[in-house]
Each structure stands twice: as structure tokens, then as C-alpha cells.
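Visitor: I am new to this structure and would like a close look at a single part of it, the cavities. Please take your time, and also tell me how far the model can be relied on.

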Amino acid sequence: MPEGDTVFLAGRRMHDALAGATLTRGELRHPRLVEHDLAGRTVLEVVSVGKHLFTRFDDATSLHSHFRMDGTWHLYRPGRPWRGGPEHSIRAILEVPDRVAVGYRLHDLELLPTDREGDLVGHLGPDLLGDDWGPEAEAEVERRLRADPARELGAALLDQRVACGVGNLYKAEVCFLVGVSPWTRVGDLSDRQVHDAVAWSRKLLLRNAWRPEQSTTGDLGGNAQHWVFERGGRGCRRCRDVVRTAGQAETQHADGGSPDREDRIAYFCPTCQPGPHPPLERRRGRRPQQQSGRQARYG
């Protein structure tokens, strides 16, 4: 599932391409929406709320889309080939005189009154990339994070009801930068660590919001963008221990019972991130050497 900065950037690019223009073509190919023709409506704006996108029209309606695991919007100039996937994967086409927005694999698509958008996103926590972010929003996210002390930090960061925007990439990197295992219970964190988890979540998303590259180290080199994410079996950039991976439940029962799912891979360094974790497979041989390349600038 894409991170919040990916959706934010998609929304800004769609806004720049479509806002203020009247649709010459507006097809919705979702099974529930095929009877709707959006041609003739003027696009007022395109806004993101966490991982949700709303395209707002001048007739007080909004087209809501959510990327889920593989959805995406592509922008093309008229007459240029569309390369986002096979024809049958197209779910929406929004065309204005000089641009075409094509939505691929948009499993969640809904047309609704603009004043009912809250029905879809009202349950979410503060948007980490929202224009209204400030001390009050930050304090509210910290309060929501502390609300379930028994919950693992990694799972809490992924919960969009706490704050919206963090996905598996930033979960892994935030836990590393805070210096705790993703399986650390929120109730075992200090006030400073809770604050830092929220601050890093906002900082990393904001750092990458206006570019497609997602670097958490400050380095845009292909092998140097992340501290631990997708670096399982390789050397930790700080201590040279081996970065490990294990499945972590995205949600846990409040009573501490069995986890609902273990469909997210957690990346972590056992040395730099003390705390609970699943049993680790014993490794033989020398520790891997520090990775070469440009020195990371953030830590």
C-alpha cells in the first residue's frame, strides 16, 4: 500500500493538471458507477486526506479514490499512449483539453456529495501532511498513540485512526530512528520517544512529499535511501549488525489476544533497536561490512 506522501504528490499533480478545467470526458468504469458520465463538470480541486484522494466538482460532488495495494493515477498529454496497465485495469478517465488523468486498479471508487466526504474519512486521525498540521494536531496524535498502551508501536503507526499517512516503509524507518523495536509496547515508551515517533513520521513524509523518491537517510542513491526498510540480511548503516525481518501483525486485539494478521514485514536492527522481537535465526560467519556509498546525512 502506498505511503501518504505518494498519494499527496499524486493529488497535487492531478490538481495542477485538472483544477479549473471542464471535463470533456469523464468515464467511470467501476461496476457500481458505470452509469455516471462526468463530462461537462468543472474540476474545482483535487485534495488528499492521508491515503484518500478527492476530486471535487462544481456541482458539489466529489470522486473519491483509494489506491489500496496497487492503484494509481497517471497523467498523459492528449494523443500520447497510456502505459499504466492493460485496458481492463482502467477504472476512471478524466479528460480536459490538455491533459488526461487515467485511474488504474482503483478498487475503491465512489461518487458522493462533497459535504459527505467525512463519511469516508471522518474516523481518521490527523493528516500528517495536512495544511492544518500544528501543535494541536501533533498533541492529538500523541494522545491517540498512547490510548492503547498494550499495542505494539509498529502496528500503532500503521493505524490510520491514530494519524493518517504512514505505511510500512515509514513504520520501519521511524522505529529505527526512535531507536526501539517495532514490537515495543506503546506503554513502554518514554514521553520523549512518543513525541519523536510522531515528529519523525511527519518529518519523513514532508521531506519526500514533493518528489517520487522516498529517502529517509537524506541520500537519493538507489542503495542508500533507507536505514532498514528492504535491507533484510544486509549490514546496518550504523552498527554493521545484520538487519532482520519478521512478520508483524498490522492489528492486535485490545485484550492482548492473538493478532488479526501478520501480513506486514517488519525490518529492524537488533542492536540499534532494543526491545522485544520474534526469535531470530542464528547466523554464522562474519558480520557484513558497512555499505559503501555516500554518507547518510540524517540520523
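**The cavities, from the smaller to the larger**

Guide: The second largest cavity holds about 30 Å³ of space, and this is in a predicted model. Its walls are made by Gly4, Phe8, Ser48, Gly50, Asp127, Leu129, Cys164 and Gly165. Sorted by class, that lining has 4 polar residues, 3 nonpolar ones and 1 that is charged.

With a cut-off of 30 Å³ or more, the count of cavities comes to 2, and the largest of them has a volume of about 70 Å³. The residues around the largest cavity are Leu128, Val141, Leu145, Ala156, Leu157, Asp159, Val162, Ala163, Val166, Ala197, Val198 and Ser201. By class, 10 residues of this lining are nonpolar, while 1 is polar and 1 is charged. Three helices each bring at least two residues to the lining of the largest cavity, namely H3 (135-146), H4 (153-158) and H6 (191-208). Of these, H6 gives the most, with 3 residues.

A cysteine, Cys164, appeared in the lining of the second largest cavity, and that leads on to the cysteines elsewhere. A disulfide is a covalent bond between the sulfur atoms of two cysteines. A search of the whole structure finds 0 disulfides. The sulfur of Cys269 has its closest cysteine sulfur in Cys239, but the two are 3.5 Å apart, which is too far for a bond, since a disulfide needs the sulfur atoms within 2.5 Å. Cys269 is also buried, with a relative accessible area of 0%. For Cys272 the closest cysteine sulfur belongs to Cys236, and here the distance is 3.7 Å, again too far for a bond.

As for how far to rely on the model, the pLDDT averages 90 over the protein, and 90% of the residues score at least 70. Over residues 252-262, however, the pLDDT is below 50, and this stretch has 16 contacts in the model beyond near neighbours in sequence. Residues 285-299 also stay under a pLDDT of 50, and the model gives them 34 contacts beyond four places in sequence.

Notes. Residues numbered from 1 in each chain as written. Predicted model: local features only at pLDDT ≥ 70, side-chain atom pairs only at ≥ 80, totals over all residues. Heavy atoms only, no water. 1 Å grid on protein atoms, 1.4 Å probe; cavity = no way out; pocket = protein on both sides within 12 Å on 5 of 7 lines; lining within 4 Å. Points joined across faces, edges and corners; volume = space filled by probe spheres on them. Helix = DSSP H or I, 4+ residues; strand = E, 2+ residues; numbered from the N terminus. Nonpolar A, V, L, I, M, F, W, Y, C, P; charged D, E, K, R; others polar. Buried < 20%, exposed > 50% of the residue type's maximum accessible area, 1.4 Å probe, protein only. pLDDT = per-residue confidence, 0-100. Contact = heavy atoms within 4.5 Å.
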